[in-house]
Amino acid sequence: MPRRRPPTALVLVPKSVAGQWLLEFERWLISPLGKQQAHEGFSPTPTHFSHMSHPTFPISHILIWIFEDLFWDRLDHGHGGNERRLRQLYRWHERGGVMVTTHDTFLKMVSRAPAKPSSAAAAADMSSRERRAEERRAEYTELFRKLLQDPGADILVVDEGHRMKNDRSRLALELSQVSTRRRVLMTGTPLQNNLVEYFHMVNYVKPGELGTLTSFKTLFEGTIAQGQHRISEEGGDAAEAQRTLAVDLKTKMNKRIWTLTNKLELLVQRRSTEILHRELKRKTEYKITVRLVDLQRTLYNAKVRESIT
């Protein structure tokens, strides 16, 4: 009987919040060897990982994996850098756990190089060393695709999911190749901001739930967009007719938003800023006035005289 593969999770995040994700793991998971060991497990080295457990859930341990260049400005795509990432991915598959990396790193690893026009002149210009380098990059790409896409992780989490834009974007195309049973997209973009992006996010998580894009635009996007126009406050019969029309469109918009929200109630978990009020301290603002120094007073008075004249 074949050995069951340990559960794996792949978390794709923007580079700007990668550190915060790791801090959240440290906050909610407890290391058996102490907090200091858990913190060291997040250092960007290819061989370090964190043995962490949850105090309530029956999980013996969770491994948190990161690539050594997660916080670097440039990604090393040379032979050495690709070898280190391959070792990380193989160990991740063998031992399970959570792999945290960025959208850009994921795309650079799995995206195949565009086909170059083949001609005798181009082939002659490419040296044998360049050809070997191209072939090696292609080999690495296929290995990365096998480890990250087929089979994919047991659960795929994509932060800032609205970056998919549409089903033809580079990120959406590569994510569609990830063979996984569970997909989670996270976004802070309100529903009304871009309904087409919203459609593609929902369609990626559960294909067909909102029908086709054409039907979605007909049923929801047009009505919601029309209802977002400001209501005029001017007087006159024409303005009154415009206000009546705007109120009617706004009512229809609210009904469509309610219908869409209700339809996706079990699929989309919406949270407003209200949930932060219990966690964040009350905001306190201080206004401190200070005297102007001589140079500031001179410049200020000159500016005032200039504005008067």
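Leu195, Val196, Phe199 and His200 of helix 8 touch Leu213, Phe216, Lys217, Phe220, Glu221 and Ile224 of helix 9. By class, this contact brings together 7 nonpolar, 1 polar and 2 charged residues. The model shown here is predicted.

**How the two helices are set**

Helix 8 covers residues 195–205, and helix 9 covers residues 213–226. Their axes come within 10 Å. They cross at roughly 140°. Helix 8 and helix 9 are therefore oblique to each other, since an angle has to be over 145 degrees to count as roughly antiparallel. The crossing of this pair is right-handed.

**A charged residue in helix 8**

Glu197 also belongs to helix 8. Is Glu197 buried or exposed? Its relative accessibility is 13%, so Glu197 counts as buried; the cut-off is under 20%. Which residues does Glu197 contact, once neighbours within four places in sequence are set aside? They are His162 and Lys165.

**A second helix pair**

Helix 4 and helix 6 form another contact. Helix 4 runs over residues 103–110, and helix 6 over residues 128–148. Here the axes come within 7 Å and cross at roughly 125°. That makes helix 4 and helix 6 oblique to each other, because the angle lies outside the range of 65 to 115 degrees for roughly perpendicular and is not over 145.

On the helix 4 side, the contact uses Phe106, Met109 and Val110. On the helix 6 side, it uses Thr141, Phe144, Arg145 and Leu148. These residues divide into 5 nonpolar, 1 polar and 1 charged.

The table sets out the two pairs.

| Helix pair | Axes come within | Crossing angle | Orientation |
|---|---|---|---|
| Helix 8 and helix 9 | 10 Å | roughly 140° | oblique |
| Helix 4 and helix 6 | 7 Å | roughly 125° | oblique |

**The whole protein**

Now for the wider view. The protein has 12 helices and 6 strands. It contains 309 residues, and buried residues make up 33% of them. Glu197 counts as buried too.

How much of the contact in the protein with a separation of 6 or more comes from residues 24 or more positions apart? Such residues account for 71% of those contacts.

The protein exposes about 21300 Å². Carbon and sulfur atoms supply 54% of that area.

Key:
Residues numbered from 1 in each chain as written. Predicted model: local features only at pLDDT ≥ 70, side-chain atom pairs only at ≥ 80, totals over all residues. Heavy atoms only, no water. Axes fitted to C-alpha atoms, helices over the stretch in contact; angles between N-to-C directions. Helix = DSSP H or I, 4+ residues; strand = E, 2+ residues; numbered from the N terminus. Parallel < 35°, antiparallel > 145°, perpendicular 65-115°, else oblique. Left-handed = near helix turned anticlockwise from the far one by under 90°. Contact = heavy atoms within 4.5 Å. Nonpolar A, V, L, I, M, F, W, Y, C, P; charged D, E, K, R; others polar. Buried < 20%, exposed > 50% of the residue type's maximum accessible area, 1.4 Å probe, protein only. Areas by Shrake-Rupley, 256 points an atom, 1.4 Å probe, with all protein chains shown as cover.
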